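Biologist: Could you take me closely through one part of this model, the place where the two chains meet, and then follow one of the helices there back into its own chain?

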There are 2 protein chains.
Amino acid sequence: MIVVLTGGTGGAKFVDGLRQVVPQEQLTIVVNTGDDLRWWGLSVSPDIDSILYVLSGLLSKERGWGVQTDTFFCLQAMAQYGEPAWFKIGDRDLATHLLRSQLIADRKNLSEATDEIARRLGIAARIFPMSNDRVETRIRTPLGELGFEEYFVKRRFQDDVLSVRFAGAERAQPAPGVIEAILSADAVILAPSNPVTSIGPILAIPQIRHALRETSAEVIAVSPIIGEAAVSGPAANLMSAMGLPVSIAGVAQAYQDFLAVLVVDTSDFAIAKDLEHSRLRVRCTNIMMRTAQEKLNLAREVLSQVACEVTAHSGTERS
Amino acid sequence: MIVVLTGGTGGAKFVDGLRQVVPQEQLTIVVNTGDDLRWWGLSVSPDIDSILYVLSGLLSKERGWGVQTDTFFCLQAMAQYGEPAWFKIGDRDLATHLLRSQLIADRKNLSEATDEIARRLGIAARIFPMSNDRVETRIRTPLGELGFEEYFVKRRFQDDVLSVRFAGAERAQPAPGVIEAILSADAVILAPSNPVTSIGPILAIPQIRHALRETSAEVIAVSPIIGEAAVSGPAANLMSAMGLPVSIAGVAQAYQDFLAVLVVDTSDFAIAKDLEHSRLRVRCTNIMMRTAQEKLNLAREVLSQVACEVTAHSGTERS
């Protein structure tokens, strides 16, 4: 079993490659819920939705979020009503939020609701929210503290980031199955998601970080940083705000207490070797995912690290 | 001030004519809520919506319900999720239900929510739900008891109707303003809506029926029946089930304790005169509303009765 920790955008792209090369039955995806929000009175889980949509083949590849060929007529009507419309919910996408909200109103928790939606979409992979407790990623900016989607979507991550916190994380319990999945995994992959606001909230739950340190599975991360910039989105600003160097060194530092393998871009070859030490291997490959082929190649490259480890691991058990 | 008691379909058509000839500020519309339902977890008030849409010019004239040129992509996605899809909610229409549900979640009652939606649609007429208490039209059929929309939309009113009841009506309070509006009206018009399941639930609230008997305004009804058939929908079956003749005589009987003027189709001329007595005048005109012009003509014809009464009424006061 392969466990993937992920956020929405970059992580969903990576999962898109992965699902082409691993049977979904062998995938457990643990998803950031720090961006979850109430929107139009509905329960919206943006990163879970991206994973649901990518695993069911519904994700819009053009936008990287939402449902392909979706329309936005309800959104237009809400805007005409004077309701907030900066968070773009498509008409087909809306069905997911309506269904989730009903399941939650029927006293299902987020795990159960996610499971049910995944089942109805014909998804065979297991998708776990990181927690059924509310954890909220809060971005402190000169304007005041913003919710993540407010910072990211509404303000288009234009504001300086002073600090980031994960409200509720300290007391949050991992969702059922998360710890067991990590401890019994053949490999744990951290998707090339933003280390601060996509992977960060997951790691902010103490039991999850602890499990990553304890698991016998090797933990492999794919860098979302190439050179001194994020492949996409506000990761660079957010890493700076957290005191992390904006480079693969910052990624390694964010995950230093449990990371075994860091997969970085070939263009970072020169500094990659300097990062290696007795507990960390760094592997260089093309980590850009501009095409289906590049996604596939990256998934295969990462899995080749896993396969190697799984073999070694089995060998150890046999000896 | 003109008060109109109405349901959705035929009533909305009539209101469409009325709004062309009366300033909206002079209209108070009291709307049936017996068909209201929870749908996809949202608060849906089908008849209120029809009135909101017709007064804001948004109503689909082709369908007679919902928003013109609306799309149904969310509905398709809900159907793909295996959720019920027989009640057709369009993507733009959905915004109304989302907004209403949020207002109600924010502890507004249906009157306040309706007011707020009407304001945002730029509607100057007052729209009152008949009650903020839950009144549910229940149709007993050989299959068992059905909610109205289940009987009407899902089963396309194909079932025999054994009886009709308005659960909750006996204890329901009229919504704020309804009684005052009826008592102080210059005229009260019963729209050509189904007398059993559109006007019936309104009349089933004891204080409303009492106010119609007490008001000094004349009460004028437009027949939804021509000859021995309903202009549209299941009114004929429902009237039979209630022991009413399916004819203008049945309409007169349903409203006998307060009706002053019944407007019927010219084709019913022969029996119209027989219905008249000291407290009931019957007026013949074309009551079909196939075109904008026919709607306008019917509204004018009904208003000519009102104008006559308003004059007479003022005259009485002056004397």
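Modeller: What follows is a walk across the interface between the chains and then along one helix.

This is a predicted model, and in it 22 residues of chain A are in contact with 23 residues of chain B. Between them the two chains bury about 2,100 Å², with 65% of that area lying on carbon and sulfur atoms. Phe73(A), Tyr81(A) and Leu98(A) supply 33% of the area that chain A buries against chain B, which is more than any other three residues.

Alongside this nonpolar area there are polar links, for the count between chain A and chain B is two salt bridges and six residue pairs in polar contact, both residues of each pair being at pLDDT 80 or more. One of the salt bridges joins Arg120(B) to Glu83(A), where the closest N and O atoms are 2.5 Å apart.

As to which elements of chain A carry this surface, helix H3 (73-80), helix H4 (91-105) and helix H5 (110-120) each supply at least two residues of the side that touches chain B, and the largest share, eight residues, comes from H4(A). Sorted by class, that side of chain A has 14 nonpolar, four polar and four charged residues.

The interface also connects with the interior of the model. The largest nonpolar core has 119 residues, and those with the most contacts inside it are Leu94(A) and Leu94(B). Leaving aside residues up to four places away in sequence, Leu94(B) touches Cys74(A), Leu94(A) and Leu98(A) on one chain, and Trp40(B), Leu42(B), Cys74(B) and Ile89(B) on the other. Leu98(A) therefore appears twice in this account, as one of the three residues that supply 33% of the area buried by chain A and as a residue touched by Leu94(B), with buried area taken as the accessible area lost on putting the two parts together.

The helix to follow back into chain A is H5(A), in which Leu110(A), Ser111(A), Ala113(A), Thr114(A), Glu116(A), Ile117(A) and Ala118(A) are buried. What covers these buried residues includes helix H2 (46-55), H4 and strand E5 (126-129) of chain A. At the N-terminal end, H5(A) is capped by Asn109(A), a side-chain oxygen of which lies 3.2 Å from the backbone nitrogen of Ser111(A), while just after the helix Gly122(A) takes a positive phi of about 75 degrees. H5(A) thus supplies at least two residues to the side that touches chain B and also holds buried residues covered in part by elements of chain A.

Key
Residues numbered from 1 in each chain as written. Chains lettered and ligands numbered in written order. Predicted model: local features only at pLDDT ≥ 70, side-chain atom pairs only at ≥ 80, totals over all residues. Heavy atoms only, no water. Contact = heavy atoms within 4.5 Å. Buried area = accessible area lost by both parts, 1.4 Å probe. Salt bridge = Lys/Arg side-chain N within 4 Å of Asp/Glu carboxyl O. Polar contact = N/O pair within 3.5 Å; in protein donor to acceptor, adjacent residues only side chain to side chain. Helix = DSSP H or I, 4+ residues; strand = E, 2+ residues; numbered from the N terminus. Nonpolar A, V, L, I, M, F, W, Y, C, P; charged D, E, K, R; others polar. Core = buried A, V, L, I, M, F, W, Y, C linked by side-chain atoms within 4.5 Å. Buried < 20%, exposed > 50% of the residue type's maximum accessible area, 1.4 Å probe, protein only.
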